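Hello! Here are my notes on the model you sent over, set out as numbered points so that you can check each one against the coordinates.

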Amino acid sequence: MVHFAARLKPHTLVRMMFEKLKVLEETFNCALRDGDSEAELANIKAQFLGRKGKLAAILKALGQMPMEERRELGRAANDLKNRLLRKWVDARADIEKISIDKKLKENWIDISLRERDRAGRVWEAGLHPVTIVQRELEDIFLSMGFDILDGPHIEDDFHNFTALNIPESHPARDMQDTFWFKDLKHLLRTHTSTIQIRGMKQKIKPPFRFVGPGKVFRCEAIDASHEAVFHQMEGMLIGRSITVANLIYFEKVLLNEIFGKEVEIRLRPGFFPFVEPGFELDIACLICHGSGCRVCKGSGWVELLPCGMTHPNVLKHGGIDPDEYNGFAFGLGLDRLVMMRYGIDDVRLIHSGNIDFSKQFAV
Ligand code: DAH
């Protein structure tokens with residue numbers, strides 16, 4: 001507690017008080033310099049800045065001073081308080097940094113440790129087959145003037161369904177078994193078609209074309225050709241007076257480019273709410289060459305590229321005027337492509353995390 005003798009003149013009192021503030025700051029600085037743990041810092045804060053601390057005691061004594069002096073000293077004391085607090089916060093950040101650095105040093109892991117084969121040769125890391133195929137496709141699309149866009153894995157109802165012309169309670173929602181979040185508003189995207197909407201909103205003015213590759217998630221019964229997590233690449237091309245003939249020609253060129261040879265294809269009508277008309281594009285199974293296997297479910301054909309002319313409602317949701325523009329969209333199944341390319345007959349291998357499996361594709 002600080003007491004003032006009543007007989008001291010006000011200006012002497014003020015000088016004394018300023019002196020006290022100065023001394024307080026100096027002792028605080030010393031204490032802070034010596035404090036080298038979070039506990040010590042907490043102590044220093046309580047001692048100097050706490051409710052019963054040194055600064056509070058000085059402020060209390062201010063109450064006994066005449067108005068004029070009180071104002072001047074009050075301002076100085078407040079400035080001091082802010083200054084001390086800032087220094088204290090900086091000191092705590094320094095201590096935190098030191099403790100994080102220490103932990104990082106203690107828990108250091110050599111992530112460069114290389115796997116070796118039996119002969120002791122270092123095995124260079126390689127890309128996963130899905131990544132290899134995705135990158136090749138991206139190169140093809142880039143050469144055809146497409147942009148490559150991205151979208152979030154956690155989506156909302158609007159981008160995954162409503163904006164794609166699948167309104168709430170529409171039976172088409174049941175076509176895709178969905179992992180919903182508890183709020184029933186968010187979900188793990190069931191297809192990359194969500195990127196159609198995000199892409200249109202981003203591009204704003206046609207003509208444009210883009211693809212959007214990525215993981216998709218479905219609550220599926222898992223078998224040789226179904227996984228709960230798989231990969232798609234969405235494509236969209238919007239312009240003026242685009243026709244189904246344009247779509248078919250484009251898909252043909254694309255598939256020949258992907259497989260590096262003429263592949264046999266067939267087109268069937270297919271229902272997808274976001275396209276009208278919609279198609280299923282199948283290619284002759286490259287694993288069994290048509291005789292029937294697990295991958296093509298004995299049919300000799302593999303569904304590879306569902307596609308169609310973009311529905312006007314979808315254009316509207318993407319902010320595009322359907323009276324002025326139109327176009328097409330398609331969804332490539334990347335895992336299927338990988339299976340066709342490498343002759344893999346079980347999709348589950350792709351996500352098995354089995355190094356011996358993945359190693360075979362490393363380039
Ligand atoms: N999103 C559909 C699915 O995952 C695939 C699809 C169908 C994409 C037709 C398209 C399309 O762009 O036009 O089942």
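**Notes on the ligand site, the empty spaces and the backbone**

1. Let me begin with the make-up of the ligand's surroundings: sorted by class, the shell holds 7 nonpolar, 7 polar and 2 charged residues. Please keep in mind throughout that this is a predicted model.

2. Which residues of the shell come nearest to the ligand? Among the 16 residues around the ligand, they are His191, Ser193, Arg218, Gln232 and Glu234. These five are a good place to start when you open the site in your viewer.

3. Next, the secondary structure behind the shell. At least two shell residues each come from strand 5 (229-239), strand 9 (307-310) and strand 10 (326-333). Strand 10 is the top contributor here, giving 3 residues to the shell around the ligand.

4. Oxygen atoms of the ligand take part in several polar approaches to the protein. For the side chain of arginine 218, an N or O atom lies 2.8 Å from a ligand oxygen. The side chain of glutamine 196 has an N or O atom 3.3 Å from an oxygen of the ligand. With phenylalanine 330 the partner is a polar backbone atom, and the distance to a ligand oxygen is 3.2 Å. As for cover, the ligand taken alone exposes 360 Å², and 93% of that is buried by the protein.

5. Where does the ligand sit? Its place is in the largest pocket. That pocket holds about 900 Å³ of space. Its lining counts 39 residues, and those closest to the pocket centre are Arg218, Gln232, Glu303, Pro306 and Arg336. Arg218 and Gln232 may look familiar, since both are also listed among the residues that come nearest to the ligand.

6. The lining of the largest pocket divides by class into 17 nonpolar, 10 polar and 12 charged residues. Elements that each supply at least two of its residues are strand 5, strand 6 (265-269), strand 7 (275-284), strand 8 (301-303), strand 10 and helix 10. Strand 10 gives the most to this lining, with 5 residues, and it also gives the most to the shell around the ligand.

7. Now for the enclosed spaces. Rolling a probe the size of a water molecule over the atoms shows where empty space is left. How many cavities of 30 Å³ or more does a search of the whole structure find? There are 2 of them.

8. The largest cavity has a volume of about 50 Å³. Around it are Val133, Glu136, Leu137, Ile140, Ile258, Phe259, Leu337 and Arg341. By class, this lining has 6 nonpolar and 2 charged residues, with no polar ones. Helix 5 (129-143), helix 8 (244-259) and helix 10 (334-342) each bring at least two residues to the lining, and helix 5 has the largest share, 4 residues. Helix 10 also supplies at least two residues to the lining of the largest pocket.

9. The second largest cavity contains about 40 Å³ of space. It is lined by Ile166, Ala172, Met175, Gln176, Phe272, Pro273 and Phe274. This lining has 6 nonpolar residues, 1 polar residue and no charged residue.

10. Finally, some backbone details that you may want to look at. Most residues other than glycine have a negative phi, and most peptide bonds are trans. Which peptide bonds are cis in this model? One runs from proline 206 to proline 207, with omega near 0 degrees; proline 207 belongs to the loop between helix 7 (194-203) and strand 4 (208-217). Another is the bond from glutamate 276 to proline 277, again cis with omega near 0 degrees. Proline 277 is part of strand 7, an element that supplies at least two residues to the lining of the largest pocket.

11. One phi angle also belongs on the list. Asparagine 165, a residue other than glycine, has a positive phi near 65 degrees. Its position is in the loop between helix 6 (157-160) and strand 3 (186-188).

Methods: Residues are numbered from 1 along each chain as its sequence is written. This is a predicted model: local features need pLDDT of at least 70, side-chain atom pairs count only at pLDDT 80 or more; totals for chains, interfaces and linings use all residues. Side-chain values use heavy atoms; hydrogens and water are left out. A residue is near a molecule or strand if one of its heavy atoms lies within 4 Å of it. A polar contact is a pair of N or O atoms within 3.5 Å; within protein, one must be able to donate a hydrogen and the other to accept it, and residues adjacent in sequence count only if both atoms are side-chain atoms. Accessible areas come from the Shrake-Rupley method with a 1.4 Å probe; for residues, only the protein chains shown count as cover. On a 1 Å grid over the protein atoms alone, a cavity is a set of points where a 1.4 Å probe fits but cannot get out, and a pocket is an open set with protein on both sides within 12 Å along at least five of seven lines; lining residues have an atom within 4 Å of a point. A molecule sits in a cavity or pocket if more than half of its atoms lie within 2 Å of its grid points. Ala, Val, Leu, Ile, Met, Phe, Trp, Tyr, Cys and Pro count as nonpolar, Asp, Glu, Lys and Arg as charged, and the others, Gly among them, as polar. Grid points are joined across faces, edges and corners, and a volume is the space filled by probe spheres set on the points.
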